[in-house]
Amino acid sequence: MSESTALPERAPKITVTGLRKSFGTNEVLKGIDAVVSEGEVVCVIGPSGSGKSTFLRCLNKLEDITAGHVVVDGFDLADPKVDINEVRRHIGMVFQHFNLFPHMTVAENIMLAPVELKKANKEKAREQALALLEKVGLREKADARPASLSGGQKQRVAIARALAMNPGIMLFDEATSALDPEMVGEVLQVIKDLARSGMTMVLVTHEMGFAREVADRVIFMADGVVCEEGTPEDVFGNPTQPRLREFLSKVL
Ligand code: ADP
Ligand code: MG
């Protein structure tokens, strides 16, 4: 399905085939096929409850896959022998709620994974944390506690933290949905900069203007399937499926 729009000369970073996910008897993902190429920015949109978060969580095995395959950088997540910690080094994830550790400083939050998982030495890890904070415009907050930051600043720290393992892929699940409106822009700007830097990204978002601007491809999910996908121009400007039209009429 996605072959028509994926750029063939770029290597696939994520290949999803026949992905199904059930919770008990509730089948939430009903056979999803998708390819995300290197450097591609894919936005996933769709009604609440359509399975967007579950789909994203299957991409880094926060959920076990019921059937089908998810291959990330050559690792098949359906293979029980796959080292999930190794896979997660390739994928950073940012959630709606930032989940920073309150008893640690901003820099310590960012250093945690590199120090614990990669066993990077603390000095190097702090140097890198400061560079990442510079990137998200928060260098001066390195030694502050998360509680002293605004929601937008916390989310920018969460993005820096996700980048600390040098992932080749970043997943965002409604990263701006919990923010006060005046803070949405600063976080979207950081995400846009990341997109422009060539990061491979899959974003679930309710920000249609943002999706239109930064996405190479938009996937519309409804009821656990990919209902329509294409360029932002196609999906927003020339929707063909009635469900997509109905959805857009409510959100645009
Ligand atoms: P979306 O992100 O599009 O709003 P979700 O992926 O969060 O949708 O949820 C899709 C469906 O899966 C919902 O019906 C939800 O109740 C169900 N679901 C999600 N996570 C779980 C879970 N851990 N246990 C049981 N049901 C779940
Ligand atoms: Mg969701």
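Mentor: Two residues are in contact when heavy atoms of theirs lie within 4.5 Å of each other. Please keep this definition in mind as we discuss this structure, which is a predicted model.

Trainee: What share of the contacts between residues at least 6 apart in sequence joins residues at least 24 apart?

Mentor: In the protein chain, that share is 65%.

Trainee: What do the radius of gyration and a compact globule of 252 residues have to do with each other here?

Mentor: A compact globule with 252 residues would have a radius of gyration near 18 Å. The protein chain has 18 Å, so the value agrees with that expectation. Taken along the principal axes, the C-alpha atoms fill a box of roughly 50 × 45 × 40 Å. Of the 252 residues, 50% count as buried. The chain exposes about 11,700 Å², and carbon and sulfur atoms supply 49% of this area.

Trainee: Which helices and strands does the chain have, and how many of each?

Mentor: There are nine helices and 10 strands. Six strands form an open sheet with mixed pairing, in the order S6-S7-S8-S3-S9-S10.

Trainee: Why are S6 and S10 said to stand at the edges?

Mentor: Strand S6 (91–94) and strand S10 (225–230) each have a single partner strand, so one side of each is left without a neighbour in the sheet. From one strand to the next, the twist averages 20 degrees.

Trainee: What makes S3 and S9 a pair of strands?

Mentor: Strands pair if at least two bridges are found between them. Four bridges join strand S3 (residues 41–45) to strand S9 (residues 217–222), so the pair satisfies that definition. These two strands run parallel. Cys43 stands opposite Val218 in S9, and Val42 has Arg217 as its bridge partner in S9. Four bridges also join S3 to strand S8 (residues 200–204), again running parallel. In S8, Val204 is the bridge partner of Val44.

Trainee: Why is S3 described as largely enclosed by the rest of the structure?

Mentor: Five of the five residues of S3 are buried, so the description follows. Both faces are covered: Val41, Cys43 and Ile45 are buried on one side, and Val42 and Val44 on the other.

Trainee: Which helices lie on the sheet, and what do they touch or cross?

Mentor: Helix H5 (residues 151–163) lies across S6 and strand S7 (169–173), running at about 165 degrees to S6. H9 packs on the sheet and touches S3, S9 and S10. The direction of H9 makes about 100 degrees with that of S9.

Trainee: Is Leu248 buried or exposed, and what makes it so?

Mentor: Buried means under 20% relative accessible area. Leu248 has 6% relative accessibility, so this residue counts as buried. Leu248 is found in helix H9 (residues 242–251). Leaving aside neighbours within four places in sequence, Leu248 is in contact with Val235, Phe236 and Pro239.

Trainee: Is Glu229 buried or exposed, and why?

Mentor: Glu229, in strand S10, has 15% relative accessibility and therefore counts as buried, since the limit is under 20%.

Trainee: What makes the link between the side chains of Glu229 and Arg217 a polar contact?

Mentor: The definition asks for a pair of N or O atoms within 3.5 Å, one able to donate a hydrogen and the other to accept it. The contact that joins the side chains of Glu229 and Arg217 is 2.5 Å, so the distance condition is satisfied.

Note on methods: Residues are numbered from 1 along each chain as its sequence is written. Chains are lettered from A and ligands numbered from 1 in the order in which they are written. This is a predicted model: local features need pLDDT of at least 70, side-chain atom pairs count only at pLDDT 80 or more; totals for chains, interfaces and linings use all residues. Side-chain values use heavy atoms; hydrogens and water are left out. Buried means under 20% relative accessible area, exposed over 50%, partly exposed in between (1.4 Å probe, protein chains only). Axes are lines fitted to C-alpha atoms, for helices over the stretch in contact, and angles run from 0 to 180 degrees between N-to-C directions. The radius of gyration is taken over C-alpha atoms; the globule rule is 2.2 Å times the number of residues to the power 0.38. Accessible areas come from the Shrake-Rupley method with a 1.4 Å probe; for residues, only the protein chains shown count as cover.
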